Amino acid sequence: MTITAEQIPGYRAGTWVIDQTHSEVSFSVRHLAISKVKGKFERFGGTIVTAENPLDSTVEATVEVASINTNQADRDGHLRTGDFFAAEEFPEFTFKSTGVRQNGSDFAVDGDLTLRGVTKPVTFAFEFGGFGADAYGNFKAGFTATTVVNREDFGVQWNAPLETGGLLLGTDVTITLDVQAALQEG
């Protein structure tokens, strides 16, 4: 059964802007073949347009690569180089949705992710948090979206062998978006 706007409590069609102070763009990747390293990007933005039919909604987002933060300055500097993100040559990565579909009682957002000048289709599993007003009268929406990408598909090839066998870094990177967006009035 297809979910309609009427079945989503508080749903409003309109244009929403990501509230950077209440949102986070983070990632994790296997490290030393035994654990994961996590990081986030400090500067990002985006627009969500919710349609009368939720499945016709769209998303566009941009992340500033140089704003990477893994809580280790030397690693962050290395991640900005050509070994990884090539931040000077490719200062942003972007996402533009190509469709929204229902996945059981949840949604999936398909789209094109562009990183290091390479565009690949990805699907974000979308977990809707809800709608509500903040203390300042702004109407907000909240959600979490997650996808896994192979970093080598985007030209991020750098790695190093370990003395114990295997490689320093995994190829799969989990990207998680924890987003709060504000409805734009007018």
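## Arg116 and its loop

Arg116 lies in the loop between β8 (106-115) and β9. This is a predicted model. Arg116 is buried, yet the residue has no salt bridge. Which side chain of opposite charge is nearest to Arg116? That is Glu89, 6.3 Å away. A salt bridge needs a side-chain nitrogen within 4 Å of a carboxyl oxygen, so Glu89 at 6.3 Å does not provide one.

The side chain of Arg116 does find a backbone partner. It reaches the backbone oxygen of Gly82 at 2.9 Å. The backbone of Arg116 also deserves a look. In the hairpin of β8 and β9, Arg116 takes a positive phi near 55°. Two residues sit between the strands of this hairpin.

## Strands β8, β9 and β10

On either side of that turn, β8 and β9 pair in the antiparallel sense, over nine bridges. One partnership to find in the model is Gly111 with Val122, the latter in β9.

Strand β9 also pairs with β10 (residues 139-150). The sense is again antiparallel, and there are eight bridges. Here Gly130 stands opposite Gly142 of β10. β9 and β10 form a hairpin too, with five residues between them. Gly137 lies in the turn and has a positive phi of about 85°.

## Strand β4 and its two partners

Strand β4 (residues 44-50) has side chains that alternate. Which of them point to the buried face? Phe44, Gly46, Ile48 and Thr50 do, and they are buried. Gly45, Thr47 and Val49 point to the other face and are not buried.

β4 pairs with β1 in the antiparallel sense over four bridges. In that pairing, Ile48 of β4 is the bridge partner of Trp16. β4 also pairs with β5 (residues 58-64), antiparallel, over six bridges. Gly46 stands opposite Ala61 in β5. Both Ile48 and Gly46 belong to the buried face of β4.

## Aromatic pairs

How many aromatic pairs does the structure hold? There are eleven. One of them joins Trp16 and Phe131. Their centres are 5.5 Å apart, with 40° between the planes, and the pair is tilted. This pair links distant parts of the chain: Trp16 is in strand β1 (residues 14-18) and Phe131 is in strand β9 (residues 118-133). They are 115 residues apart. Trp16 has a relative accessibility of 1%, so this residue counts as buried.

Phe41 and Phe85 make another pair, with centres 5.8 Å apart. Why is this pair edge-to-face? The planes stand at 75°, and an angle over 60 degrees counts as edge-to-face. This pair also links distant parts of the chain. Phe41 is in strand β3 (residues 35-41), while Phe85 is in the loop between α1 (73-80) and β7 (92-103). The two are 44 residues apart. Phe41 counts as buried because its relative accessibility is 4%. Phe85 is buried as well, with a relative accessible area of 13%.

## A cluster and a charge

Trp16 and Phe131 belong to one aromatic cluster with Tyr11, Phe128 and Phe139. Which charged residue sits over the ring of Phe139? It is Arg12. The charged end of Arg12 is 3.5 Å from the centre of that ring.

Note on methods. Residues are numbered from 1 along each chain as its sequence is written. This is a predicted model: local features need pLDDT of at least 70, side-chain atom pairs count only at pLDDT 80 or more; totals for chains, interfaces and linings use all residues. Side-chain values use heavy atoms; hydrogens and water are left out. Rings of Phe, Tyr and Trp (its six-membered ring) pair if their centres lie within 6.5 Å; planes under 30 degrees apart count as stacked, over 60 as edge-to-face and the rest as tilted. Buried means under 20% relative accessible area, exposed over 50%, partly exposed in between (1.4 Å probe, protein chains only). A charge sits over a ring if NZ of Lys or CZ of Arg is within 6 Å of the ring centre and within 35 degrees of the ring normal. Two strands pair if DSSP finds at least two bridges between them. Lys and Arg count as positive and Asp and Glu as negative; His and the chain ends are not counted. A polar contact is a pair of N or O atoms within 3.5 Å; within protein, one must be able to donate a hydrogen and the other to accept it, and residues adjacent in sequence count only if both atoms are side-chain atoms.
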